Amino acid sequence: MSETSYIRFQGTKRHQRGHYPGVFVLANELAAQGKLTPAQYRFWRTNNDWYDAHYTNPAHVDPQVYDPAVNPGAVAWFKSDAVHLIDRVDGYLELLAAHGVECRRLVTRNPGRIVYEDDQQVVVIPA
């Protein structure tokens, strides 16, 4: 078992594919549905742009990483030492809470079978 711990922020309700969506997916859905206030939209857009600039999107490295036929149920977890990325999640949690979307923070040393890894995160198929 790895000595690294992993952190994930996810919703409390399963999505149509059966997994619990992460905070970014949940916030993106609210934005796409036009549910964000102008201030929330600015927060969402600014912070998504920041993450795009500072955080590798695993799907850009491996387009099949989240493909349900290839990696069913695949989800991303932060490595616990990616503090600069984790610290910014609080704003997403506040945005989601304002819309009644419940989320939880999970911490584990064994998130599942790793199908993608970089310095800041892993994508796993949950155990």
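So, to kick off: by about how much of the helix are Y41 and W44 separated in helix 2? About one helical turn, because these two residues are three apart in that helix. Keep that pair in mind; I'll get back to it. One caveat first: what we're looking at is a predicted model.

Okay, strand 1. All six of its six residues are buried, so the strand is largely enclosed by the rest of the structure. Look at which way things point: Y6, R8 and Q10 go one way, while I7, F9 and G11 go the other, and all of them are buried. That's the pattern you'd know from a regular strand, where side chains alternate between the two faces of the sheet.

Who are the neighbours? Strand 1 pairs with strand 2, residues 75–79, in the antiparallel sense over two bridges. On that side, Y6 stands opposite K79. Strand 1 also pairs with strand 3, again antiparallel, over six bridges. There, F9 has R105 as its bridge partner.

Now helix 1, residues 23–32. V23, L26, A27, L30 and A31 are the buried ones there. Down the helix axis, those buried residues fall within an arc of 140°, so they line one face of the helix. And what does that face pack against? The buried residues are up against strand 1, helix 2 (38–54), helix 5 (89–98) and strand 3 (103–108). After the helix comes G34, with a positive phi, near 70°.

Right, aromatics. Searching the whole structure turns up eleven aromatic pairs. Here's our Y41 and W44 again: the ring centres are 5.1 Å apart and the planes sit at 50°, so this pair counts as tilted. Are the two partners buried or exposed? Y41 counts as partly exposed, because its relative accessibility is 39%. W44 is at 8%, so that one counts as buried.

W44 has another partner, too: the charged end of R45 sits over the W44 ring, 4.7 Å from its centre.

Then there's the aromatic cluster. F9, F24, F43, W50, Y51, Y55, F78 and Y92 form one cluster. F9 we've already met, as one of the buried residues of strand 1. W50 comes with a charge as well: the charged end of R88 sits over its ring, 3.9 Å from the centre.

So if you open up the model, I'd start at strand 1, with its antiparallel partners strand 2 and strand 3, and then go on to F9 and the rest of that cluster. That's me done, happy to take questions.

Conventions
Residues numbered from 1 in each chain as written. Predicted model: local features only at pLDDT ≥ 70, side-chain atom pairs only at ≥ 80, totals over all residues. Heavy atoms only, no water. Buried < 20%, exposed > 50% of the residue type's maximum accessible area, 1.4 Å probe, protein only. Helix = DSSP H or I, 4+ residues; strand = E, 2+ residues; numbered from the N terminus. Arc of directions from axis to C-beta. Contact = heavy atoms within 4.5 Å. Pairing = 2+ DSSP bridges. Phe/Tyr/Trp six-rings, centres within 6.5 Å; stacked < 30°, edge-to-face > 60°. Lys NZ or Arg CZ within 6 Å of the ring centre and 35° of its normal.
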